[in-house]
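Hi everyone, thanks for making the time. I'd like to walk you through one model this morning, so please have a look at it while I talk.

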Amino acid sequence: MDFSDNKKLITSLKSGEEKAYMYLLDKHHRGLNAYALTLTHDQALAQDIVQNVFLKTWKSRKKLNPQFSIRSFLYKCVYNEFLNNYQKNKAVLLLNKKYIEYAHETVEDIDEGILNKIMDIVNKEIQKLPPKCQRVFILSKKEGLTNNEIADYLDISIKTVEAQITKAFRILKNKLGNKYETILFMVFGNNVGKLKGNP
């Protein structure tokens, strides 16, 4: 059976063929895990989300529609699983929700494997930033520190912190193009607001 054909794959899943399910796992697990990681920034949570999505897909396989892309279905399920189960008890800013939606729309259109390449490109561009600029940027990205905290930690002025972050974003925008904010959110998650210079 040629499971690379969307209709044949879904038809096989609906009839309960385990080989079709194993193909689905092999084909999409890595990409879905990478996508979930861009939302949670927590490997354990990302794995839980993806595992739940695959289990739910198998349990509700008879409801699958062969006319719709199984790949798009899986990505939407990961997105919904994240929002429903891991954000429901948190106060998510409207801005963050907007970026999450942008990230979802962007990732859904990206082929498997390219997401990891995007992350590699971003990280390489960060490594090319001037030393001081890179240090401030990484503190914001990895540690989620505020401008005040970075200023205290590095013993520099808040204006210097803001200038370095602005400089970093200008350089990255030139390298990554107009969708740089969405791409950065995919890599850095909720810290993107802090990266943009918010205290």
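I'll go through the aromatic pairs, then the salt bridges, then a few details of one helix. Please keep in mind that this is a predicted model.

Let's start with the rings. How many aromatic pairs does the count come to? It comes to four, and I'll talk about two of them. One is formed by Y21 and W58, with 4.9 Å from centre to centre and 50° between the planes. That angle makes the pair tilted, because the label covers whatever is neither under 30 degrees, which would be stacked, nor over 60, which would be edge-to-face. Where do the two partners sit? Y21 belongs to helix 2, residues 18–40, and W58 to helix 3, residues 43–59, so the pair links parts of the chain that are 37 residues apart.

How does each of these two rings fare for accessibility, buried or partly exposed? Y21 has a relative accessible area of 15%, so Y21 is buried. W58 is at 22%, and therefore counts as partly exposed. The cut-off that matters for both is 20%, because buried means under that value.

The second pair I picked is Y35 with Y75, also described as tilted: here the centres are 5.3 Å apart and the planes make an angle of 40°. Again distant parts of the chain are linked, with Y35 in helix 2 and Y75 in helix 4, residues 70–86, at a separation of 40 residues. Y35 has a relative accessibility of 0%, so this tyrosine counts as buried. Y75, at 3%, counts as buried too.

Before we leave the rings, go back to W58 for a moment. What lies over its face? That would be R61, placed 4.0 Å from the ring centre of W58.

Now for the charges. The structure holds two salt bridges. In one of them, the side chains of K56 and E81 meet, with 2.9 Å from N to O. K56 comes from helix 3 and E81 from helix 4, 25 residues apart, so here too distant parts of the chain are linked. Which of these partners is buried, and which is partly exposed? K56 is partly exposed, at 46% relative accessibility, whereas E81 is buried, at 7%. E81 has another partner as well: its side chain makes a polar contact with the side chain of N52, at 3.3 Å.

The other salt bridge joins E125 and K128, and their closest N and O atoms are 3.7 Å apart. E125 is buried, with a relative accessibility of 12%. K128, on the other hand, is exposed, with a relative accessible area of 59%.

Last, a closer look at helix 2. Where does this helix bend? The bend is at H28, and it amounts to about 50°. Further along helix 2 we find N33, which is buried at 13% relative accessibility. And what does N33 touch, leaving aside residues up to four places away in sequence? The contacts are Q43, A46, Q47 and V50. Finally, just after helix 2, H41 takes a positive phi of about 55°.

That's my tour, and I'm happy to go back to any part of it. Thanks for listening!

Conventions
Residues are numbered from 1 along each chain as its sequence is written. This is a predicted model: local features need pLDDT of at least 70, side-chain atom pairs count only at pLDDT 80 or more; totals for chains, interfaces and linings use all residues. Side-chain values use heavy atoms; hydrogens and water are left out. Rings of Phe, Tyr and Trp (its six-membered ring) pair if their centres lie within 6.5 Å; planes under 30 degrees apart count as stacked, over 60 as edge-to-face and the rest as tilted. Helices (H or I, at least four residues) and strands (E, at least two) are DSSP runs, numbered from the N terminus. Buried means under 20% relative accessible area, exposed over 50%, partly exposed in between (1.4 Å probe, protein chains only). A charge sits over a ring if NZ of Lys or CZ of Arg is within 6 Å of the ring centre and within 35 degrees of the ring normal. A polar contact is a pair of N or O atoms within 3.5 Å; within protein, one must be able to donate a hydrogen and the other to accept it, and residues adjacent in sequence count only if both atoms are side-chain atoms. The bend at a residue is the angle between axes fitted to the seven residues ending there and the seven starting there. Contact means heavy atoms within 4.5 Å. A salt bridge is a side-chain nitrogen of Lys or Arg within 4 Å of a carboxyl oxygen of Asp or Glu.
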